[in-house]
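Here is a set of questions on why certain terms apply to a model. Each answer sets a value against its cut-off.

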Amino acid sequence: MSATVLYRIAAVLLVLFAAGHTFGFLKFKPPTAEGVAVYDAMNKVQFPVGGQSYSYGGFYMGFGLYITVYLLFSAVLAWCLSNLAITNPHTFGAVGWAFFVVQLAGLVLSFLYFAPITAVFSGLVALCLGLAAWLA
């Protein structure tokens, strides 16, 4: 399999990952009364920072949506790297390896803190990116 195909597979996986993350993140409802209480407290308790009022729920929402944006950017980057792998594979070696290392870190974090499906997607993306960087 070529680096181009692997980067494109990674790009598609990242778009699917972004869609699944966004859907799951926005539709998640805590399954227990304790979870609902924590979720409600995160949204209701306000605190001032720099003259503005914030909540942990707002930070949670903001970081969740930021992850969606990052995943979509990563998909675009993987697709761009797939094109470079065709035209000029030696010009982006460090970027390809750095992208792989970032995905490895994401795999570790997914394994430690998130649902197994997150680790599966992270692992598949990391595998594709590592093999593509090796082949390029």
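The turns below go through a strand pair, two helix packings and several single residues of this predicted model.

Q: Why are α4 and α5 called roughly antiparallel?
A: Helix α4 (residues 93-113) packs against helix α5 (residues 116-135) at an angle of about 160°, and their axes are 8 Å apart. That angle makes α4 roughly antiparallel to α5, because angles over 145 degrees count as roughly antiparallel. The crossing of this pair is left-handed.

Q: What makes up the contact of α4 with α5, by residue class?
A: The contact residues divide into 12 nonpolar, eight polar and no charged. On the α4 side they include Trp97, Phe100, Gln103 and Leu107, and on the α5 side they include Ser122, Gly123, Val125 and Trp134. Glycine is counted as polar here, and Gly96 and Gly106 in α4 and Gly123 and Gly130 in α5 are among the contact residues.

Q: Why is Gln103 given the label it has, buried or exposed?
A: Gln103, which is in helix α4, has a relative accessible area of 5%. Buried means under 20%, so Gln103 is buried.

Q: Which residues does Gln103 contact beyond its neighbours in sequence?
A: Leaving aside residues within four places in sequence, Gln103 is in contact with Tyr70, Ser74, Val125, Ala126 and Leu129. A pair counts as a contact if heavy atoms lie within 4.5 Å.

Q: What makes Gly123 partly exposed?
A: Gly123 sits in helix α5 and has a relative accessibility of 22%. Buried requires a value under 20% and exposed a value over 50%, so Gly123 counts as partly exposed.

Q: How far apart are Gly123 and Leu104 in sequence and in space?
A: They are 19 residues apart in sequence, and their C-alpha atoms are 7.5 Å apart.

Q: How do you know that α1 and α5 are roughly antiparallel?
A: Helix α1 (residues 3-27) and α5 pack at an angle of about 160°, with axes 8 Å apart. With the cut-off at over 145 degrees, α1 is therefore roughly antiparallel to α5. Here too a handedness is assigned: α1 passes α5 in a left-handed crossing.

Q: How many residues of each class are in the contact of α1 with α5?
A: There are 18 nonpolar, two polar and no charged residues. Among them are Leu6, Ile9, Leu13 and Phe17 in α1, which meet a set in α5 that includes Phe121, Val125, Cys128 and Leu131. Thr118 and Ser122 of α5 are also part of this contact.

Q: Why is Ala11 called buried?
A: Ala11 belongs to helix α1, and its relative accessible area is 4%. The limit for buried is under 20%, so the label follows for Ala11. Beyond four places in sequence, Ala11 touches Ala75, Ala78 and Trp79. The C-alpha atoms of Ala11 and Phe73 are separated by 9.5 Å, with their positions 62 residues apart along the chain counted as the separation.

Q: What makes Ala75 buried?
A: Ala75 lies in helix α3 (residues 56-87) and has a relative accessible area of 5%. As buried means under 20%, Ala75 is buried. Apart from residues up to four places away in sequence, Ala75 touches Ala11, Leu14 and Val15. Ala75 and Leu14 are 61 residues apart along the chain, and their C-alpha atoms are separated by 5.2 Å.

Q: How do you know that β1 and β2 pair?
A: Strand β1 (residues 46-49) and strand β2 (residues 52-55) are joined by four bridges in the antiparallel sense. At least two bridges are needed for a pair. Within it, Gln46 has Ser55 as its bridge partner, and Phe47 stands opposite Tyr54.

Q: What lies between β1 and β2?
A: The two strands form a hairpin with two residues between them. In the turn, Gly50 has a positive phi of about 60°.

Q: Why is Val45 called partly exposed?
A: Val45 is in the loop between α2 (33-44) and β1, and its relative accessible area is 47%. Exposed means over 50% and buried under 20%, so Val45 is partly exposed. Not counting residues up to four places away, Val45 touches Tyr54, Ser55 and Tyr56. Val45 and Gly57 are 12 residues apart in sequence and 8.6 Å apart in space, C-alpha to C-alpha.

Note on methods
Residues numbered from 1 in each chain as written. Predicted model: local features only at pLDDT ≥ 70, side-chain atom pairs only at ≥ 80, totals over all residues. Heavy atoms only, no water. Buried < 20%, exposed > 50% of the residue type's maximum accessible area, 1.4 Å probe, protein only. Axes fitted to C-alpha atoms, helices over the stretch in contact; angles between N-to-C directions. Parallel < 35°, antiparallel > 145°, perpendicular 65-115°, else oblique. Left-handed = near helix turned anticlockwise from the far one by under 90°.
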